[in-house]
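Hi,

Here is the structure I promised to pass on. Please have a look at it first, and then read my notes below.

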Amino acid sequence: MTDIATKPDSIIAVERWNTFWGARDLEGMKTVAADDFIQWHATVRKDLTKDEEFDMLVEALKVMHITFKDIRLTPMSNATVLQQCLGDITIDGAGTRNDVPFAMVFHTRGQQITKCEEYMDGMSLPPIEFTPKD
């Protein structure tokens, strides 16, 4: 009998997250984010709670259009997934940047994401004014 390889829950969680992101479906993303979800952004250098992250995304998506492409997922230890990709980003009135390199480290529990650490060069983005302030 041949073993049938199955995707780990961590990969399923990240793939679902990416599918909802691609559809700009924040409600769908919330179903993948655990109640104790934390988002860390390189641009603001602070942890955002689930509520803070999704409140920020509501505002961001009013002016920002981002498409991730060339997505590579690498499962790591402890239910963690490394995502490497490129982003095409347009911010209304501020311009467009293509092929911005991103890396995300997703921490998961079951098929939910508990933390996303997002790394990218903020200087490669058009100017952004919607990020939360301290």
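**Helix 3 and what surrounds it**

Helix 3, residues 50-63, is 14 residues long and spans 21 Å from its first C-alpha to its last, close to the 20 Å expected at 1.5 Å a residue. Please keep in mind as you read on that this is a predicted model.

Which residues of helix 3 are buried? They are K50, E53, F54, M56, L57, A60 and L61. It may help to recall that an α-helix has 3.6 residues a turn, so residues three or four places apart point the same way. The cover over the buried residues of helix 3 comes from several elements, including helix 1 (9-22) and helix 2 (26-32). Strand 1 (33-41), strand 2 (46-49) and strand 3 (64-75) are also among the elements that cover them.

**Cysteines**

If you were wondering about disulfides, the structure holds zero of them. C85 is in no disulfide, and the nearest cysteine sulfur, that of C116, is 9.7 Å away. A disulfide needs the two sulfur atoms within 2.5 Å, so a pair at 9.7 Å does not count as one. Likewise, C116 is in no disulfide, with the sulfur of C85 as its nearest cysteine sulfur.

Are these two cysteines buried or exposed? C85 has a relative accessibility of 4% and counts as buried, because the cut-off for buried is under 20%. C116 is buried as well, with a relative accessible area of 2%.

**Aromatic pairs**

How many aromatic pairs does the structure hold? There are seven, and I will walk you through two of them.

One is W17 with F37: the ring centres are 5.4 Å apart and the planes meet at 35°, so the pair is tilted. This pair links distant parts of the chain, as W17 sits in helix 1 and F37 in strand 1, 20 residues apart. Both W17 and F37 are buried.

Another is W21 with F68, whose ring centres lie 6.1 Å apart with planes at 40°, so this pair is tilted too. W21 belongs to helix 1 and F68 to strand 3, so the pair ties together parts that are 47 residues apart in sequence. Both W21 and F68 are buried.

Finally, back to helix 3: F54, one of its buried residues, belongs to an aromatic cluster with W17, F37 and F106. When you open the model, that cluster of W17, F37, F54 and F106 is a good place to begin looking.

Best wishes

Conventions. Residues numbered from 1 in each chain as written. Predicted model: local features only at pLDDT ≥ 70, side-chain atom pairs only at ≥ 80, totals over all residues. Heavy atoms only, no water. Helix = DSSP H or I, 4+ residues; strand = E, 2+ residues; numbered from the N terminus. Expected span 1.5 Å × (residues − 1). Buried < 20%, exposed > 50% of the residue type's maximum accessible area, 1.4 Å probe, protein only. Contact = heavy atoms within 4.5 Å. Phe/Tyr/Trp six-rings, centres within 6.5 Å; stacked < 30°, edge-to-face > 60°.
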